[in-house]
2 protein chains.
Amino acid sequence: MIAPLDSVHIRALKNIVGEENCYDDTAHRIAYCYDATRERYEPQAVVYPRDERDVSEVLKYCNTHKIAVIPRGAGSGFTGGALPANGGIVLALEKYFNQILEIDEKNLIARVQPGVVNKHFQNEVEKRGLFYPPDPASQEYSTLGGNVSENAGGMRAAKYGITKDYVMALRAVLPNGDIIKAGKKTIKDVAGYNIAGILIASEGTLAVITEITLKLIAKPKLRQSAMGVFATINDAMNAVYKTMASGITPVAMEFLDNLSICAVEERFSKGLPTNAGAILITQVDGDMQEVLDYQLAQLEQKFKENGCIDFKKAKNTQEEEDLWFARRNASQSITIYGKKKLNEDITVPRSRLPELLEHINRLSQQYDFKIPCFGHTGDGNVHTNVMVPNPDDPEELARGYACIEEIFKVAVDLEGTLSGEHGIGLAKAPFMPLAFSEEEMNLFRVIKHAFDPNNILNPGKMGL
Amino acid sequence: MIAPLDSVHIRALKNIVGEENCYDDTAHRIAYCYDATRERYEPQAVVYPRDERDVSEVLKYCNTHKIAVIPRGAGSGFTGGALPANGGIVLALEKYFNQILEIDEKNLIARVQPGVVNKHFQNEVEKRGLFYPPDPASQEYSTLGGNVSENAGGMRAAKYGITKDYVMALRAVLPNGDIIKAGKKTIKDVAGYNIAGILIASEGTLAVITEITLKLIAKPKLRQSAMGVFATINDAMNAVYKTMASGITPVAMEFLDNLSICAVEERFSKGLPTNAGAILITQVDGDMQEVLDYQLAQLEQKFKENGCIDFKKAKNTQEEEDLWFARRNASQSITIYGKKKLNEDITVPRSRLPELLEHINRLSQQYDFKIPCFGHTGDGNVHTNVMVPNPDDPEELARGYACIEEIFKVAVDLEGTLSGEHGIGLAKAPFMPLAFSEEEMNLFRVIKHAFDPNNILNPGKMGL
């Protein structure tokens, strides 16, 4: 445990943000010590900046005094990105940076503060007939600032892309306190370096984002879902990439493997096909029923060409919800297989999905763990969950982590990535050298140093 | 004029790339002294690297000896990005880096070398039923490496976005010779900083791109165009943003103002409406005729709600080509208004288009120049052309440049950008302080220095 901040620093920080916006008591330190990992690190203080100028002044002060600053939205990350692993202050943005500043219906653009919750924003734009596609599983509580910092994905990425595809501009504060704008409210803008591009997915290590300009699209008027049942996981994975390669662009193309299906069925008795090797749950959208029918017919044909033994279209809202129930409840249901879940979000080019799942099956046998898998196969993003029944047994837990490392190696060998959407943070930092050469890691360090020469912003993350 | 390179350096470079791939004779220096601006700067030598290792060795050598290196594709840029304004060697990539390495139909991805010509690549992927949307006007000769370095746009950006939306990964060589990969063949990838993101649009100032991985999509089976005639430019500009805001997503939404229409008509006598304030030429696409009909009906309705006095749909290929003839020939036709064309590609949020065109009309009167405008209104990108009748008159030319500076100021005031697709290079470098604060310019310099501490890569560009 790291000692509290010197009282002189606390005084100085209170002078910047006001008495009521800076705390170093135990209650606040505990309240901001967690995220969605099971790791816990207490900050030395919690600071709530009221506006961009406060952010600038706090950073300037901390930069001068070499105090670590950890920007934080909802603290819902899966990789420890918002955890003060090396002490320092948490810069908590949910209190004052939670406003939707503008929904510009003339240009299909919105400006928001980083503490706005994703789903709240989606709801507000949908009221106006507009649509913000990125839908991370955490959408009910994660913030748009966190989404940008981790470049969050979601189910709709197969058709609509991920957070970075919607960020048009950012305002941000550099570690030295400089306030910058990056990007424009224009689709085309090629003046100057793409600073917004490098801030996206930088996990709060380069700058504190204070405002986000997002692209919106018109909300599709209609959507419809369908489920394909496959005898084997291999059939399902072949169906995924062959369907997507044929040019159909479903909104989502999600899968559950047999273990995931059985887990949901055991907990909720929904009549799922527990003898199936895998199911694919997919959705199409558009403005005309003819378009939906056409896409669904194509999906059915492609699925059946690739071993689909049952194809079921949702006929109404209830059936629609039933189809998605299994997918939405997979993550919590698979806990039947072990107390501790080592979950990763590796991603491979879609055509490598069949090989990936074969390797995972092999590793499951070799390391003697159940590894239920589900996720966003439409974009090659597979949530792999190594279930450790007795995590209190150090040998067993170590074996679990060894298995995870093998899974990372397989992903990289298949031209994939360590993380499709969760980021690196602390949790995956040790594995960065699996994916990046020394030259590449060095370039990351050079960039980090250029933005943050005193290493005050979220230090120790991303393996840097 | 800068002296030739020391013969010791020429010898050393020849030792790296071979005798036949390094020249400092006058013929080669003249052959590589130009681009699509009228500026001319001779390089001190021209070097043709045969492969990525050559690029690495050349950069390592030049970095050690502080010799400037200017990467070059086709030299078709509009802003001097490939011109050796401060001497140094041109690293010419068109000779050996012109191969399409892979068209991965399973994953809808291609890998290319930077010297591949855009249109050649489009043709090759279209043969396979695939589609690469970015279509800069230079597509017949500009290279994909140049397109990435300038983040090229084009007519189809309104629906399909620009080059950066298709770059999945890059290989590149840093000024110190380090070879790096950035990005993956996966839609989702959030491991490490987004290096590919910052290299796009960096105009060859940060690294030499040696390989590009591009996203492809399925080629839409059908397309159809239409033209709307408007009595006033203001009606047309209002129609653009209101149509786009209504959620219709035409592939393109191009405009010609009255001066541009008249210029094309004077040169080609195509029966264009020379009394119109502006015309909008638009195209929709899709896989079903019903979808096209629906979109065209919506376009017609929205146009007519906003003052469209004539709406004409193309009924066949010939009519399709006739509609686009005016747009394609606008740039060359407007030269009837003046010997020298000061052309810029400012971009504003679409809803500011009416104001922008009003300002341009005012500046045209104030500075006494004809300023024909045309371009990509679907994304707010307007090609403004200040036509200078007697550029040999220094006063008149200076007045032309003063007018351009006013146009830039207007664009920035309307939340727009100096450049939608041409980049900054040399031509717009003096105007960077109009668009960026000292803090932002400083950040650009810090990033440049981090990648290139000896400032050898394309020095003096982008106002850095």
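Good morning. When I speak of laying one copy on the other, I mean a least-squares superposition on the C-alpha atoms of residues with pLDDT of at least 70 in both. The model before you is a predicted one, and with that definition in hand I shall begin with the two chains.

A turn of 180° with a shift of 0.0 Å along the axis lays chain B on chain A, with an RMSD of 0.0 Å. This is the relation of a two-fold axis. As for the interface, the same surface serves both copies, since 100% of the contact residues of chain B recur in chain A. Which residue of chain B comes closest to the rotation axis? It is Gly197(B), whose C-alpha lies at 2.5 Å.

Let me turn to the domains. In chain A, the domain assignment gives domain 1 as residues 7-95, domain 2 as 100-218 and domain 3 as 222-414. The centres of domain 1 and domain 3 of chain A, taken over C-alpha atoms, are separated by 38 Å.

I come next to a sheet in chain B. Five strands make up this open sheet, in the order 5-6-10-8-9, with antiparallel pairing. Strand 5, residues 100-104, and strand 9, residues 179-183, stand at the edges of the sheet in chain B; each has a single partner strand, so one side of each is left without a neighbour in the sheet. On average, and ignoring direction, neighbouring strands here are turned by 10° against each other.

Within that sheet, please look at strand 8, residues 167-173, and strand 10, residues 208-215, of chain B. They run antiparallel and are joined by 6 bridges. One position to find on the screen is Ala169(B), which stands opposite Thr213(B) of strand 10. Helix 3 of chain B, residues 52-65, lies across strands 8, 9 and 10 of chain B, and runs at about 50° to strand 8.

We now move to chain A and its strand 12, residues 222-230. Why may this strand be called largely enclosed by the rest of the structure? Because 7 of its 9 residues are buried. Strand 12 of chain A runs antiparallel to strand 14, residues 278-286, with 9 bridges between the two. There, Met227(A) has Ile281(A) as its bridge partner. Strand 12 of chain A is also joined to strand 15, residues 308-313, by 5 bridges, again in an antiparallel arrangement. In this pairing, Ala226(A) stands opposite Lys313(A).

Two individual residues of chain B remain. Ala231(B) is found in the loop between strand 12 and helix 8, the latter spanning residues 233-245. With a relative accessibility of 42%, Ala231(B) counts as partly exposed. Leaving aside residues up to four places away in sequence, it touches Ala276(B), Gly277(B), Gly307(B) and Ile309(B). Its C-alpha atom is also 8.8 Å from that of Ile279(B), 48 residues apart along the chain.

The second residue is Asn385(B), placed in strand 18 of chain B, residues 381-388. Is Asn385(B) buried or exposed? Its relative accessibility is 2%, and the cut-off for burial is under 20%, so Asn385(B) counts as buried. A polar atom of the Asn385(B) side chain lies 3.1 Å from the backbone oxygen of Pro372(B). Beyond four places in sequence, the residues touched by Asn385(B) include Ile334(B), Lys341(B), Ile371(B), Cys373(B) and Phe374(B), as well as Pro372(B) itself.

That concludes my presentation. Thank you.

Note on methods:
Residues are numbered from 1 along each chain as its sequence is written. Chains are lettered from A and ligands numbered from 1 in the order in which they are written. This is a predicted model: local features need pLDDT of at least 70, side-chain atom pairs count only at pLDDT 80 or more; totals for chains, interfaces and linings use all residues. Side-chain values use heavy atoms; hydrogens and water are left out. Helices (H or I, at least four residues) and strands (E, at least two) are DSSP runs, numbered from the N terminus. Buried means under 20% relative accessible area, exposed over 50%, partly exposed in between (1.4 Å probe, protein chains only). A polar contact is a pair of N or O atoms within 3.5 Å; within protein, one must be able to donate a hydrogen and the other to accept it, and residues adjacent in sequence count only if both atoms are side-chain atoms. Contact means heavy atoms within 4.5 Å. Domain bounds come from an automatic or database domain assignment. Two strands pair if DSSP finds at least two bridges between them. Axes are lines fitted to C-alpha atoms, for helices over the stretch in contact, and angles run from 0 to 180 degrees between N-to-C directions.
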